[in-house]
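Reader: I would like to understand the labels people attach to a model like this one. Could you walk me through the reasoning behind them?

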Amino acid sequence: MTTDQEIDFTSSKARKRVESWPVCPRRVRYYQFKSETEARTYGQFTFDARRFGSFVNVWLGTTGHTKSDLRLVEWFLDADQRSDEVLDLPREWRKLEALIQRFIRDQGAPCFCVACNREYAAKELKRMDDTVENSNRAYLYKRLICPEDHLLYESLDLRLIRRPQAIPRL
Ligand SMILES: [Zn+2]
């Protein structure tokens with residue numbers, strides 16, 4: 001068993017209380033495996049924990065920090081700089097996952113594509129977004145794909161569309 005697996009907490013056992021998490025290592029990793037639409041995703045994004053902590057701090061600062069947000073930020077900022085481990089971040093915490101996805105798109109992170117079996121620099125990744133409208137709903141898909149067109153991650157937002165009221169027939 002590698003050290004990596006010993007502190008893996010991406011399973012259903014993932015704990016939402018930051019206090020019970022192991023000390024954050026210098027580098028953390030995020031992978032989705034399957035998106036909300038059940039699409040298989042191939043990206044493993046690795047990034048610096050402190051850099052991400054600063055990003056979260058700024059981002060959450062605009063919406064106001066809760067106590068658990070502050071603990072989360074501290075957990076990333078207190079990352080052990082001597083640690084060579086790469087920790088897989090828990091995916092069950094949707095708020096955290098949304099922040100990771102925003103970070104990956106806005107700041108960029110190197111990504112290992114499992115299908116290609118190689119790593120790509122952030123600038124090699126391509127965005128592939130689209131919007132699908134269905135009655136009064138708009139589904140916003142945001143995606144990153146590798147140079148070989150493998151889906152690395154996909155997020156889905158739902159927006160309700162306001163349409164002018166139809167003129168009633170007489
Ligand atoms: Zn690929």
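Author: Happy to, and keep in mind that this is a predicted model. Let us begin with helix α2, whose buried residues are A49, F52, G53 and V56.

Reader: What puts those buried residues on the same side of α2?

Author: The arc they cover around the axis is only 105°, so they lie on the same side of α2. V58 and G61, on the other side of the helix, are exposed.

Reader: What do the buried residues of α2 pack against?

Author: Their packing partners are β1, β2, α3 and α4. From α3 (67-77), F76 is in contact with A49, R50, F52, G53 and V56, as well as C24, once neighbours within four places in sequence are left aside.

Reader: How do you know that the span of α2 is close to the expected one?

Author: α2 has 13 residues and reaches 18 Å from its first C-alpha to its last, and the expectation at 1.5 Å a residue is 18 Å.

Reader: Which residues touch the most other members of the largest nonpolar core?

Author: V28, F76 and L152 do, in a core of 25 residues. Elements that give two or more residues to this core include β1 (27-31), β2 (43-48), α2 (49-61), α4 (94-106) and β9. As a general point, nonpolar side chains tend to be buried together in soluble globular proteins.

Reader: Why does Y120 count as partly exposed?

Author: Y120 has 19 C-beta neighbours inside 10 Å. Buried would take 20 or more and exposed 12 or fewer, so a count in between is called partly exposed, and that is the label Y120 gets. Y120 is part of strand β5 (residues 118-120). Among the residues Y120 touches, not counting those up to four places away in sequence, are P110, C111, L125 and P147. Y120 and P147 are 27 residues apart in sequence, with their C-alpha atoms 8.5 Å apart in space.

Reader: What makes β3 and β5 edge strands?

Author: Each of them pairs on one side only. They belong to an open sheet of five strands in the order β3-β1-β2-β4-β5, with mixed pairing. Neighbouring strands of this sheet are turned by 30° against each other on average, direction ignored.

Reader: How do you know that β1 and β2 pair?

Author: Two strands pair if DSSP finds at least two bridges between them, and β1 and β2 are joined over five bridges, in the antiparallel sense. Within this pair, Y30 stands opposite F45 in β2. Helix α2 packs on the sheet, touching β1 and β2, and its direction makes about 85° with that of β2.

Reader: Does the cut-off matter elsewhere? How many bridges link β6 and β8?

Author: Strands β6 (residues 126-127) and β8 (residues 137-145) have two bridges, antiparallel. The requirement is at least two, so this counts as a pair. K126 has I145 in β8 as its bridge partner. Strand β8 also pairs with β7 (residues 130-134) over five bridges and with β9 (residues 151-160) over nine, both antiparallel. Opposite pairs include E133 with A138 and Y141 with L156.

Reader: And the turns: which residues there have a positive phi?

Author: In the hairpin of β7 and β8, with two residues between the strands, S135 has a positive phi of about 45°. In the hairpin of β8 and β9, with five residues between the strands, D149 takes a positive phi near 70°.

Definitions and conventions
Residues numbered from 1 in each chain as written. Predicted model: local features only at pLDDT ≥ 70, side-chain atom pairs only at ≥ 80, totals over all residues. Helix = DSSP H or I, 4+ residues; strand = E, 2+ residues; numbered from the N terminus. Core = buried A, V, L, I, M, F, W, Y, C linked by C-beta atoms within 7 Å. Contact = placed C-beta atoms within 7 Å. Expected span 1.5 Å × (residues − 1). Arc of directions from axis to C-beta. Axes fitted to C-alpha atoms, helices over the stretch in contact; angles between N-to-C directions.
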